Amino acid sequence: AQARLEENARTVPLHAHVAAPPGRAGMLRRPESVQRSVTEAVEAGCAPEEHGRTDTLQTASNMVNCFIGAGILTVPFAFRLAGYSAGLALLLVAVLNWVASILLGHALEKASRLRP
């Protein structure tokens, strides 16, 4: 296995549209810096195949993070396109939602005192 990893560290397959140099049998040497970093990873006990692997939870978390981040970044642009009237309407809805949640909290406290 060590010999296979070292061979992979020295060569990389060519793309289909690139001609192989004579005598290389379709393989091209990696740049020396890449070869060194892969060799160092192999010596440290980290096989190159293990890098970049994630489980289902990490992948789902990354997707949710990307979706939320993209949504947050588009909010200023959406407000710019909507104008002042839509911004004020959204502010009014937010205030009404806040007041409704406060009233709901008071109602729940009162209901818990009536029926402990």
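**Notebook: contacts, helix 3 and a nonpolar patch**

I began with contacts (heavy atoms within 4.5 Å): in the chain, 28% of those with a separation of 6 or more join residues 24 or more positions apart. The model is predicted, so I kept its limits in view: local features need pLDDT of at least 70, side-chain atom pairs count only at pLDDT 80 or more, and totals for chains, interfaces and linings use all residues. Numbering starts from 1 along each chain as its sequence is written, and side-chain values use heavy atoms, with hydrogens and water left out.

I looked up the elements next. The chain has three helices and two strands, in the order α-β-β-α-α from the N terminus. These are DSSP runs (helices H or I, at least four residues; strands E, at least two).

I then checked helix 3. Its 59 residues put the end C-alpha atoms only 47 Å apart, against 87 Å for a straight helix at 1.5 Å a residue. I found a bend of about 115 degrees at glycine 83, taken between axes fitted to the seven residues ending there and the seven starting there.

Last, I turned to burial. Buried residues (under 20% relative accessible area, 1.4 Å probe, protein chains only) are 8% of the 116 in the chain. Leucine 103 sits in helix 3 (residues 56-114). I logged leucine 103 as exposed because its relative accessibility is 54%, and exposed means over 50%.

Notes: Expected span 1.5 Å × (residues − 1).
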